[in-house]
Amino acid sequence: MPKRSHKWKELRSSVPPAQRAFVLMLRRVREVSDRTQAQIAGDVYLAPTSLSNHFNGGRIPEAEHVEKLYKIIDDEAATSSRPMPCSLALLLELRDKALVKHCDCCAAGSPEAATSSPEPQPTVAGSPAPKPVRRRPRRPRVRLSTLRHSIPRASAQAKVPVPLRGGDRHLTTPADAAWPEIRTLAESLSAGRSRDADIMMWSAATTLSARDVQIFVGQCRAAGMGEAADQVITNAARRDAQAVLNIASALHNSEQYADVGLLLAAAAQED
């Protein structure tokens, strides 16, 4: 069977060299598979739009998603006797280099991130040497560890001294709906228990009522777990048509319009 041909978008010039090298290798790994993007995204437990964003250099994927993607395609390559373009260790190493950031003025993955260091400044005789600048450590994109003890509740809107700006997106999920399941999900992701997290997100997407799915998604986003929210929506899109419409209505009533679009797009992919 001939390999499926892939037409990739040209990477933006703003993509740093280290990230560009990682994305190009990630594309080569994906080209080994003959399956569609939606099929691969479902196996990796990602929304098709999120996976496409990774392949186009928009965002660097989590390590666990890279591992899942590689292992799934590696199994397919073994069945069809096709060689893999690199090892999993090399792919993860390229991802680590793409995440390196030197300072706030350098993009992640830039050459300066791994090679450059500030040169000492000359001092005038008799003047005290300048104090070294202590840079704050780079914060991770998603700090799930902060969710182990409690999930911060949203402050009441009545306490805001000025009106909220027009156009801002405000979830109408009740502030007291911080379910223990969200905290358990965050702990599972933080501890690397991806299988437990996947089962929890699948169960929430396929068994909860439309209103409860909306609350679950809203709480994931409030806790900074955007990819978990995307995965729940993608899983929910596999339900029957009436259930999908009910969930879309609940999300729309809560002004989660972007989530409505993601749900309907994923449901269309399933059809």
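Is Cys220 buried or exposed? Keep that question in mind while you colour the whole chain, because Cys220 is buried, with a relative accessible area of 0%, where buried means under 20% relative accessible area, exposed means over 50% and partly exposed lies in between, computed with a 1.4 Å probe on protein chains only.

**Before you select anything**

This is a predicted model, in which local features need pLDDT of at least 70 and side-chain atom pairs count only at pLDDT 80 or more, while totals for chains, interfaces and linings use all residues. Residues are numbered from 1 along each chain as its sequence is written, and side-chain values use heavy atoms, with hydrogens and water left out.

**The whole chain**

Show the chain as a cartoon, and you will find 12 helices and zero strands, where helices are DSSP runs of H or I with at least four residues, strands are runs of E with at least two, and both are numbered from the N terminus. Of the 271 residues in the chain, 38% are buried. Among the contacts with a separation of 6 or more, 68% are between residues 24 or more positions apart, a contact being heavy atoms within 4.5 Å.

**Stop 1: Cys220 and helix H9**

Select Cys220, which lies in helix H9, and then display what surrounds this residue. Not counting residues up to four places away in sequence, Cys220 touches Ile182, Leu185, Met225, Gly226, Ala228 and Ala229. Now select Val232 as well: this residue is 12 residues from Cys220 along the chain, and the two C-alpha atoms are separated by 9.4 Å.

**Stop 2: where H9 meets H11**

Keep H9 (210-222) on screen and add H11 (241-253). The axes of these two helices come within 8 Å and cross at roughly 50°, where axes are lines fitted to C-alpha atoms, for helices over the stretch in contact, and angles run from 0 to 180 degrees between N-to-C directions. That makes H9 oblique to H11, since angles under 35 degrees count as roughly parallel, over 145 as roughly antiparallel, 65 to 115 as roughly perpendicular and the rest as oblique. To see the meeting point, select Ala210, Arg211, Val213 and Gln214 in H9, which meet Asn246, Ile247, Ala250 and Leu251 in H11.

**Stop 3: helix H12**

Next select residues 257-270, the 14 residues of helix H12, which should span 20 Å at 1.5 Å a residue and whose end C-alpha atoms are indeed 20 Å apart; the expected span is 1.5 Å times one less than the number of residues. Which residues of H12 are buried? They are Asp259, Val260, Leu262, Leu263, Ala266 and Ala267. If you look down the axis of H12, these buried residues fall within an arc of 165°, so they line one face of the helix, the arc being that of the directions from the helix axis to the C-beta atoms. An α-helix has 3.6 residues a turn, so residues three or four places apart point the same way. On the other side of H12, Ala258 and Ala268 are exposed. Add H3 (48-55), H9, H10 (226-236) and H11 to the view, since what covers the buried residues of H12 includes these helices.

**Stop 4: helices H4 and H5**

Move to helix H5, residues 88-99, whose 12 residues reach 17 Å from the first C-alpha to the last, close to the 16 Å expected. The buried residues of H5 are Leu91, Leu92, Leu94, Arg95, Ala98 and Leu99. They cover an arc of only 155° around the axis, which puts them on the same side of H5, and they pack against helix H1 (17-30) and H4.

Now bring in H4, which packs with H5 at an angle of about 150°, with their axes 10 Å apart; the two helices are therefore roughly antiparallel to each other. Here Ala63, Val66, Glu67, Tyr70 and Lys71 in H4 meet Leu88, Leu91, Leu92 and Arg95 in H5.

While H4 (residues 63-80) is displayed, select Lys68 in this helix, which is buried, with a relative accessible area of 16%. Leaving aside neighbours within four places in sequence, Lys68 is in contact with Val44, Tyr45, Ser194 and Asp198.

**Stop 5: Trp8**

Finish at Trp8, in the segment before H1, which is partly exposed, with a relative accessible area of 25%. Apart from neighbours within four places in sequence, Trp8 is in contact with Arg27, Arg30, Glu31 and Phe55. The C-alpha atoms of Trp8 and Phe55 are separated by 8.4 Å, although these residues are 47 residues apart along the chain.
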